[in-house]
Amino acid sequence: MSDVQDRIRDTIAAHDVVLFMKGVAAQPQCGFSSLVVRILDHMGVAYHDVNVLTDEDIRQGVKDFANWPTIPQLYVKGEFIGGSDIVREMFQSGELKALFEEKGVALVA
């Protein structure tokens, strides 16, 4: 299991914003993943998507890594932010934009 945890840790470390999701950004495979993709795209955030459907070890491993039972999962500068409900609430309240600014993540929009 530690190999999977290392792969997840390395992925999160290599990218400012990482979205573990069902499908890929261009073609989300569930509504919750699609919601987070739409929010990030709307904000103009560059992010790295990881399709958990193509790797069962990552699919389960990321749940264990964050101690969070659901996909999608958003990470910003190595910090676990949450799933679709949390991302949606943070977007609506302006907290997500503030978080990206605080962490130094560039927004195109």
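This passage describes how the strands of one sheet are arranged and how two helices lie on that sheet.

The structure is a predicted model, in which local features need pLDDT of at least 70 and side-chain atom pairs count only at pLDDT 80 or more, while totals for chains, interfaces and linings use all residues. Residues are numbered from 1 along each chain as its sequence is written, and side-chain values use heavy atoms, with hydrogens and water left out.

Strands of a sheet pair through backbone hydrogen bonds, either parallel or antiparallel. Here, 4 strands (E, DSSP runs of at least two residues, numbered from the N terminus) make up an open sheet with mixed pairing, in the order β4-β1-β5-β6, where two strands count as paired if DSSP finds at least two bridges between them. Because β4 (48–51) and β6 (79–82) stand at the edges with a single partner strand each, one side of each is left without a neighbour in the sheet. On average, and with direction ignored, neighbouring strands are turned by 25° against each other, the axes being lines fitted to C-alpha atoms, for helices over the stretch in contact, and angles running from 0 to 180 degrees between N-to-C directions.

Strand β1 (residues 17–21) runs antiparallel to β5 (residues 73–76) and is joined to β5 by 4 bridges, with L19 standing opposite L74 in β5. An antiparallel pairing over 3 bridges also links β5 and β6, and F80 in β6 is the bridge partner of Y75. These two strands, β5 and β6, form a hairpin with 2 residues between them, and K77 in the turn has a positive phi of about 50°.

Helices (H or I, at least four residues) lie on this sheet as well. Helix α1 (residues 2–14) lies across β1, β4 and β5 and runs at about 140° to β1, whereas helix α3 (residues 56–66) touches β1, β4, β5 and β6, its direction making about 60° with that of β5; contact means heavy atoms within 4.5 Å.
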